[in-house]
Structure formats: structure tokens, C-alpha cells
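Here is a short report on a single model. Please look over the sequence and the structure before reading on.

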Amino acid sequence: MTNETNTVLNNTDTSETTAGKTSAKKIIGKVFTYIGIGICALLAVILIWLCIDKFILKSPVPSIGKFSMMRVATGSMQGTIDQGDFVIVKKTGDYKTGDIITFFPTGATTPTTHRIINIDDEGKFVTKGDAQSAIDREHISTSQIHGEVVGRIRTAVFMVWFKDMGWIYFLAAILIIGMGLLLLKYDAAMKKQAEQTRELEERLAKADAKAAADAQEAVKQDESVAQDVQMQSEPEPQKEQEVQANEDNGAEEPQTQQTEEAQDTDA
């Protein structure tokens, strides 16, 4: 019975270990879910700021801090920056020959991205597209420069489908779909975890109750066995006393007979 009790206790320990592993998985799942939601929230903040910068502040190029991202519409920089690629532009304030810059020609509302090939005597920048043979007519002053190109994102084929929508709308679509999927997944995961936790707690409670009952029963049986063993060992002294008493009775009987015979003789 003691072995059975140990088995029950071991099963309980195994259940607790399993519960611990399940809890760890839940924590990891929650961490990744929160990270995903945090990323979506960050993208939402970025998108909101870009919309404010473009539609309320009327900035020609929406920016986040010193950084902007825009799509190259022509092939004037083909080979270095292909048509349809996205460029990341930073406002560095320090421009030199060889830098690729994004600037606004006089009177233009659409920026141009070309390379600085020289600096004239007035300190203005001479620019040219890498795929063009002629230099740009206008020399660009520092105040016309939006920033230096510090990164490039190649255009995937499917992004051409969205070129008429604009990159901001594509980003908004990704954001909305991503947040929706994450929230649905999170809600379903939370419901499933709550159900699993409830079932696990019920199983553990039943296992603990059964283990406690079996342990008590085992203790009672052990006590009963101990009492039986003690009772079986006690009668030996009692038998010796009975044998001694019988012997004493046997010795007294002849004496009594002798006494009776002597009385008869005297008579």
C-alpha cells in the first residue's frame, strides 16, 4: 500500500511539473503576443504622425524626426536606385560631393533624388542623375535639400500593384490587417489558456484529494497491521502463565488427597 501511495504522489508531482511547463509556455506566448501588439501600436503611432505631418502640417515629405521614406518615381538613378524603389532620407545638414540627396527644385512640389557631383563657387550643389548624361540645370542651395539618402528598399513585384495608392495607404492596410489578426489570435489564445488552466486546476485538485485519501488509508492499514503483529506476539507470556498455573494446581491435588487419607486413618 505504501508503494501505491508513493505512485500516487509521484503522479501528482508529474502533474505539477506538467503544469509548470504549461505555465512557462503560456508566459512565452504572452510575451510574443505583447511584442506583436507593441509593434503594431508603434506602427499605428508612426502612421498617425505621418498623416498629421502630411495633411495637417502640410509637409511636402512626411517625416519622423530626421528621417523620411519616399518612393522613386523615375529611372534617373537607374542602376543605383531603380524606379519604384523606396529611399530612406535623413536630414544631416552636412552634404558633400558624392552624396545622393533629395531636394526640391525651385517651384517644384515633388522632390528629386540625384547625386552631388560638384560644388560651385557660391557653395551651391551641382547634381546629376546617375543614369543621365547631362547635369541638372539648377544648382541647389542647402535650404532646398530635404536630406541625404541613407538607405534603399528594393521594390517587390507585388508593390507595383499598389503604386497608385501610395506607400502610406499600403502601410495602413498592413497595419490594420496585422493588428486585427494579432488581436483575434490573442483573444482566442486567452480563452484557450483560461480553459486549459481551469481543467488543469481541476485535475490537480482531484489528484491531491485522491493522494491524501490514499495516504490516510495507507496509514490506517499500517497501524492495523502493526496492532495485529503486536497482538500475535503478546499471548506467549500468557500461555506460560497458564502452564505454570496448571502445574501448580497439579501439585496441590496430591497433597489434598494425602490430607484426606490421613484424616480417614485417624478416624
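## Strand pairing

In strand E3, Phe 86 is the bridge partner of Arg 71. The model is a predicted one. E3 covers residues 86-90, runs antiparallel to E2 and is joined to E2 by five bridges.

E2 also pairs with E1. Here the strands are again antiparallel, and two bridges join them. Ile 64 has its bridge partner in E2, namely Phe 67. The hairpin of E1 and E2 has two residues between the strands. Gly 65, in this hairpin, takes a positive phi near 65°.

## Two faces of E2

In a regular strand, side chains alternate between the two faces of the sheet. Strand E2, residues 67-71, shows such an alternation. Ser 68 and Met 70 point to one face and are buried. Phe 67, Met 69 and Arg 71 point to the other face and are not buried.

Two residues on that second face also appear in the bridges described above. Phe 67 partners Ile 64. Arg 71 partners Phe 86 of E3.

## A positive phi at Lys 58

Most residues other than glycine have a negative phi. Lys 58 is not a glycine, yet its phi is positive, at about 60°. Where does Lys 58 lie? Lys 58 is found in the loop between helix H1 (2-56) and strand E1 (63-64).

Is Lys 58 buried or exposed? Its relative accessibility is 62%, so Lys 58 counts as exposed, the cut-off being over 50%.

## A nonpolar surface patch

Six side chains form a nonpolar patch on the surface: Ile 27, Ile 28, Val 31, Phe 32, Ile 35 and Ile 39. Together they have about 590 Å² of accessible area.

Phe 32 is one of the patch members and is found in helix H1. With a relative accessible area of 59%, Phe 32 is exposed.

## The aromatic pair

How many aromatic pairs does the structure hold? There is one. The ring centres of Tyr 95 and Phe 125 are 6.4 Å apart, and the ring planes stand at 90°, so the pair is edge-to-face. The pair links distant parts of the chain, with the two positions 30 residues apart in numbering. Tyr 95 is in the loop between E3 and strand E4 (100-103). Phe 125 is in strand E6, residues 125-128.

Both Tyr 95 and Phe 125 are buried. Phe 32, by contrast, is exposed.

Conventions: Residues numbered from 1 in each chain as written. Predicted model: local features only at pLDDT ≥ 70, side-chain atom pairs only at ≥ 80, totals over all residues. Heavy atoms only, no water. Helix = DSSP H or I, 4+ residues; strand = E, 2+ residues; numbered from the N terminus. Buried < 20%, exposed > 50% of the residue type's maximum accessible area, 1.4 Å probe, protein only. Patch = residues over 30% accessible without salt bridge, like charges linked within 9 Å, V, L, I, M, F, W, Y side chains within 5 Å. Areas by Shrake-Rupley, 256 points an atom, 1.4 Å probe, with all protein chains shown as cover. Salt bridge = Lys/Arg side-chain N within 4 Å of Asp/Glu carboxyl O. Pairing = 2+ DSSP bridges. Phe/Tyr/Trp six-rings, centres within 6.5 Å; stacked < 30°, edge-to-face > 60°.
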